[in-house]
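Here is a short round of questions on one protein model. Look at the chain, then work through the turns.

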Amino acid sequence: MTFTEKFEELKEKYASKADFSKINYDFAAQISLTDFDCENTFYVARINNKTDVQPYNYYDNTVSIKIDSSLLEELLEGKKNPVNEFLLGNIDAEGDASHALALIDALKTKKRTRKKSEIVIK
């Protein structure tokens with residue numbers, strides 16, 4: 001998969017559904033994918049309560065993250081813990097780590113809880 005394809009997939013799957021309501025400050029996270037086939041950089045910025053996601057470097061970022069795309073998706077799906085992965089050396093982050101954690105939380109897919117009326121018994 002090329003970087004452009006992976007970027008568009010991530011943007012559609014996560015960024016388009018992100019919830020930034022708990023973030024009341026400006027930040028810019030530069031994310032560098034380390035995969036051999038789609039290695040490149042994109043950013044997620046939240047400036048003046050407006051979110052922008054673009055396939056470019058953001059040199060004046062508040063946090064810079066280097067990560068494999070599959071690990072990024074596992075974090076966003078809640079399958080892995082970002083702090084543990086950082087401590088294991090699977091994520092390289094420089095800058096304000098709280099911005100990285102807030103970004104993961106905002107982008108994370110929310111698990112839908114079923115209502116009792118939705119339970120189907122066979």
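Q: Which residue follows α2 with a positive phi?
A: This is a predicted model. Helix α2 covers residues 69-76. Past α2 comes a residue whose phi is positive, near 80°. That residue is Gly 78.

Q: How many of the eight residues of α2 are buried?
A: The buried ones include Leu 71, Leu 72, Leu 75 and Leu 76. Ser 69 and Glu 73 are buried too. Their cover includes α1, β1, β2, β4, α3 and α4. So α2 is mostly covered, since buried means under 20% relative accessible area, and the count is six of eight.

Q: Which helix gives the most to the largest nonpolar core?
A: The core has 28 residues. Phe 20, Ile 31, Leu 33, Phe 42, Ile 67, Leu 72 and Leu 103 touch the most other members. At least two residues each come from α1, β1, β2, β4, α2 and α4. The top contributor, with six residues, is α4.

Q: Which residue of α2 is in contact with Phe 42?
A: Set aside neighbours within four places in sequence. Phe 42 then touches, among others, Phe 3, Phe 7, Ile 31, Val 53 and Tyr 56. Helix α2 spans 69-76, and the contact list has one entry in that range, Leu 72.

Q: Is Leu 101 buried, partly exposed or exposed?
A: Leu 101 lies in α4. It joins Val 83, Phe 86 and Leu 87 in a nonpolar surface patch of about 380 Å². Three residues of that patch come from α3. Because its relative accessibility is 40%, Leu 101 counts as partly exposed.

Key
Residues are numbered from 1 along each chain as its sequence is written. This is a predicted model: local features need pLDDT of at least 70, side-chain atom pairs count only at pLDDT 80 or more; totals for chains, interfaces and linings use all residues. Side-chain values use heavy atoms; hydrogens and water are left out. Buried means under 20% relative accessible area, exposed over 50%, partly exposed in between (1.4 Å probe, protein chains only). Helices (H or I, at least four residues) and strands (E, at least two) are DSSP runs, numbered from the N terminus. Contact means heavy atoms within 4.5 Å. Patches are made of residues with over 30% relative accessible area and no salt bridge: like charges are joined within 9 Å, nonpolar side chains (Val, Leu, Ile, Met, Phe, Trp, Tyr) within 5 Å. Accessible areas come from the Shrake-Rupley method with a 1.4 Å probe; for residues, only the protein chains shown count as cover. A salt bridge is a side-chain nitrogen of Lys or Arg within 4 Å of a carboxyl oxygen of Asp or Glu. A nonpolar core is a set of buried Ala, Val, Leu, Ile, Met, Phe, Trp, Tyr and Cys residues joined through side-chain atoms within 4.5 Å.
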